[in-house]
Amino acid sequence: MQDFIIIKGAREHNLKNIDVRIPRQKTTVITGPSGSGKSSLAIDTLYAEGQRRYVESLSPYARQFLGELQKPDVDSIEGLSPSIAINQKTVTKSPRSTVGTITEIYDYMRVLYTRLGKAYCYKCGSQIAGQETSDILDTLIQFPEKTRIQVLSPIVRDRKGEYRKEIAEMRSEGFIRARIDGQMADITQDVKLARYKRHTIEIVIDRLIIKPGIERQLKNSIECALRYSDTIVVNLIDRGEDMVFSRKAVCPNCGISYPEINPMFFSFNSSSGACPACRGLGYEYIDEETEEIVEERPCKACKGLRLRPEALSIKIAGKNIGEFASLPVKDARQFVKRLELGPREQVIAERLLKEVTERLHFLEKVGLGYLTLSRTSLTLSGGESQRIRLATQIGSSLTGVLYLLDEPTIGLHPRDSMRLLDSLDMLKTQGNTIIIVEHDEETMLRADHILDMGPGAGVLGGKVIASGSPEEIKRNANSITGLYLKGAREIPVPGIRRPPNGKFLEIVGAQAYNLKNLDVRIPLGMFVCVTGMSGSGKSTLVYDILYRALERELYKAGPTPGKHREIRGTEHLDRIVAIEQAPLGRTPRSNPATYTGIFSYIRRLFSLTGESRVRGYKESRFSFNVPGGRCENCKGEGLKKVEMHFLPDVYVLCDECGGKRYNRETLDIKYKGKNISEVLEMTISEACEFFEHVLPIKRKLRVLDDVGLGYLKLGQPATTLSGGEAQRVRLSRELGKKGTGRTLYILDEPTTGLHFVDIEKLLKVLTGLVEKGNTVIVVEHNLDIIKSADYIIDLGPEGGEEGGYLVAQGTPEEVAATAGSHTGEALKRKLGKGSD
């Protein structure tokens with residue numbers, strides 16, 4: 001086996017025909033300024049080629065469904081292993097997807113509750129026991145005379161398949177009717193069922209009318225039904241209702257029968273287990289298409305536990321599966337650890353509990369011990385989603401794999417970052433190769449090998465500036481990263497902290513989620529950092545309470561704020577802006593030019609050229625969103641989506657316009673020698689020069705450049721932007737507006753994706769906002785940002801239930817001197833390093 005992955009002639013995007021050697025079964029960090037080519041090398045070259053080779057290894061039959069994957073622009077790659085990319089976008093965002101389902105912990109627990117759970121009546125609490133034929137008969141014979149009933153035997157319950165064989169067998173035994181998915185069907189005819197949909201098939205055993213002397217026939221019908229299933233469904237025809245009887249499960253007091261208990265019974269994604277009121281979604285006012293839960297309102301029927309009452313009345317050690325899933329990861333691990341099982345139960349549960357315990361342990365190791373297993377993926381940050389996938393991969397015990405990670409330390413407190421790096425070391429010792437695109441100092445220092453890309457962004461990047469161990473990078477005079485690592489260059493600590501101006505925002509009695517009835521004072525007109533461990537309550541305090549309350553106060557709109565008593569000092573503000581990391585758009589049509597409004601000016605310029613006037617072209621001719629000037633083959637997207645079925649969907653260049661978005665006639669029109677497609681292909685820095693004398697465009701482009709996005713292309717699809725890039729595009733749009741000096745800006749981890757050099761640029765922008773009289777609140781873990789703040793509010797001391805307290809507040813120096821603050825400990829080292 002080769003000791004290195006050898007890349008020759010990589011030219012994808014801005015890569016300058018580079019040759020690279022990456023050691024196998026080691027950890028390599030690819031770093032460098034934003035836009036220098038890190039992701040182009042790691043994801044668009046290495047991972048893309050690994051995925052392409054995997055598809056090529058499949059049979060011709062399988063490949064016909066996947067289409068052709070484009071080969072990255074590279075001469076050759078040797079020593080490439082099967083590759084897995086773990087980034088911030090790979091977790092399915094769905095109201096049905098939870099931490100438990102993503103990690104498969106919930107699936108293992110469904111099997112455990114099926115095998116070991118004890119059933120109790122959801123009405124009276126009595127333990128459930130089996131029913132005999134005589135018990136069922138006694139119940140049915142009590143119905144009034146002339147009651148019409150059907151006795152049904154469910155041979156298939158909520159499972160996928162066509163079931164031709166089963167239906168044929170029932171037909172051969174003389175049965176002629178079945179209720180299939182709630183509808184009566186004649187099974188003497190050909191019955192076609194959709195193979196990939198879930199079906200319930202209930203054979204009609206008999207149809208009877210309750211009357212004297214019917215007992216013998218009814219008994220025979222019951223016994224016949226029990227030959228095919230442990231459960232009988234009796235349909236009361238006139239009422240349109242069903243009664244379920246079970247040979248295995250019935251309440252001795254209420255007479256309520258339970259259907260067959262199997263793993264699907266505990267699935268909230270199946271009609272067998274889902275709460276009928278919320279359809280297994282757990283919340284009111286949301287549906288399958290919901291992409292964001294603005295306000296959590298648990299379903300009144302299941303209290304947010306997602307399952308029907310029968311499923312929630314089956315318990316292990318006093319807890320049902322919904323209550324187990326509601327535990328934080330850390331508490332769930334303790335619950336499993338403390339289970340007292342007999343010898344027989346131990347044999348049944350041993351393998352299941354091993355898988356569950358390991359997965360819970362890995363979630364804790366990557367700093368997610370505060371999450372509950374029922375937490376929906378819609379509410380997870382990009383960093384949390386990525387670490388959940390990482391924990392799942394650690395638990396899979398694969399070897400010989402190339403793992404590519406994109407900034408895994410996002411959202412992690414410095415203390416948790418060390419735990420994460422330990423987990424990555426564990427993956428490496430299993431015989432895997434780890435490649436991390438990262439700017440975090442500790443991650444670089446722990447790496448075996450560093451590739452420093454640069455020297456700049458966009459066309460100024462794409463080269464390997466330095467390559468080697470952390471110590472070799474430090475000694476390399478050409479490496480800006482090396483200068484920061486050895487302390488020769490650093491982001492300076494401000495010489496003077498701004499003093500409070502006497503105006504404060506006060507949050508009184510904050511109690512949402514894990515917050516412990518906090519009273520917090522936020523000085524206005526300052527740069528404020530809210531810090532703390534992951535899950536300590538930072539986002540709850542800043543977004544769920546403060547932002548929502550101010551939205552209600554200032555704009556009389558928005559969702560209900562988290563629980564608190566009052567907010568004081570709102571009279572000092574006239575505007576609030578939350579600059580988030582959510583995608584700018586969900587299709588390739590949205591891009592920095594359209595989002596910031598620059599594209600309207602550009603289209604106007606093209607419509608004013610002489611050739612456009614002769615042809616009668618208006619501004620709309622240069623829009624790729626409407627017919628006329630766009631390429632109709634791709635509808636102006638420049639890309640076509642290829643569904644990869646069991647792999648993530650990919651976008652390939654349109655084979656008609658070659659990705660240019662427009663038809664030939666539109667591309668004939670030139671402005672300063674460039675057509676509209678060529679302008680959209682310019683980087684923001686290039687466009688700044690190109691539109692030097694068009695002030696409205698130049699002004700907006702300059703702001704984008706100032707926030708460190710000069711390397712982005714004007715027409716770069718929003719789907720390819722990271723969360724941090726999307727946030728900085730939003731920030732640039734806000735900076736382009738006229739301020740009043742009484743605005744509160746809120747940013748969540750704005751350093752995402754930023755190199756040391758770019759953090760300096762960002763700090764200048766944020767400082768500029770504060771100097772105009774505004775207030776900036778940043779939720780952040782990056783110590784360079786934290787040490788530059790005027791004021792810090794530190795929550796903790798831990799995450800989850802052990803968090804939610806105000807641990808420290810004051811200047812960075814005051815927080816560094818506070819005992820018991822994890823942020824203070826890390827800050828003390830950082831401030832001390834800066835003063836050396």
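Helices, of at least four residues, and strands, of at least two, are DSSP runs numbered from the N terminus. The exercises below concern a predicted model.

**Exercise 1.** Determine where Lys738 lies and whether Lys738 is buried or exposed.

*Solution.* First, locate the residue: Lys738 lies in the loop that runs between helix H25 (723-735) and strand S26 (743-748). Next, consider accessibility. The relative accessible area of Lys738 is 84%, and exposed means over 50%. Lys738 is therefore exposed. Finally, Lys738 joins Arg699, Lys700 and Arg733 in forming a positive surface patch.

**Exercise 2.** Establish how many disulfides the structure holds, and examine Cys278 and Cys631.

*Solution.* A disulfide is a covalent bond between the sulfur atoms of two cysteines. The cut-off for such a pair of sulfur atoms is within 2.5 Å. For Cys278, the closest cysteine sulfur belongs to Cys302 and is 3.8 Å away, which is too far for a bond. For Cys631, the closest cysteine sulfur is that of Cys634, at 3.8 Å, again too far for a bond. The count for the structure is 0 disulfides. As to accessibility, Cys278 is buried, at 4%, and Cys631 is buried, at 3%.

**Exercise 3.** Describe the place of Glu260, its accessibility and its separation from Lys165.

*Solution.* Glu260 is found in the loop between strand S12 (241-246) and helix H8 (309-312). Its relative accessibility is 41%, so Glu260 counts as partly exposed. In sequence, Glu260 and Lys165 are 95 residues apart; in space, their C-alpha to C-alpha distance is 22 Å.

Definitions and conventions:
Residues numbered from 1 in each chain as written. Predicted model: local features only at pLDDT ≥ 70, side-chain atom pairs only at ≥ 80, totals over all residues. Heavy atoms only, no water. Patch = residues over 30% accessible without salt bridge, like charges linked within 9 Å, V, L, I, M, F, W, Y side chains within 5 Å. Areas by Shrake-Rupley, 256 points an atom, 1.4 Å probe, with all protein chains shown as cover. Salt bridge = Lys/Arg side-chain N within 4 Å of Asp/Glu carboxyl O. Lys, Arg positive; Asp, Glu negative; His and termini not counted. Charge placed at Lys NZ, Arg CZ, Asp CG, Glu CD. Buried < 20%, exposed > 50% of the residue type's maximum accessible area, 1.4 Å probe, protein only.
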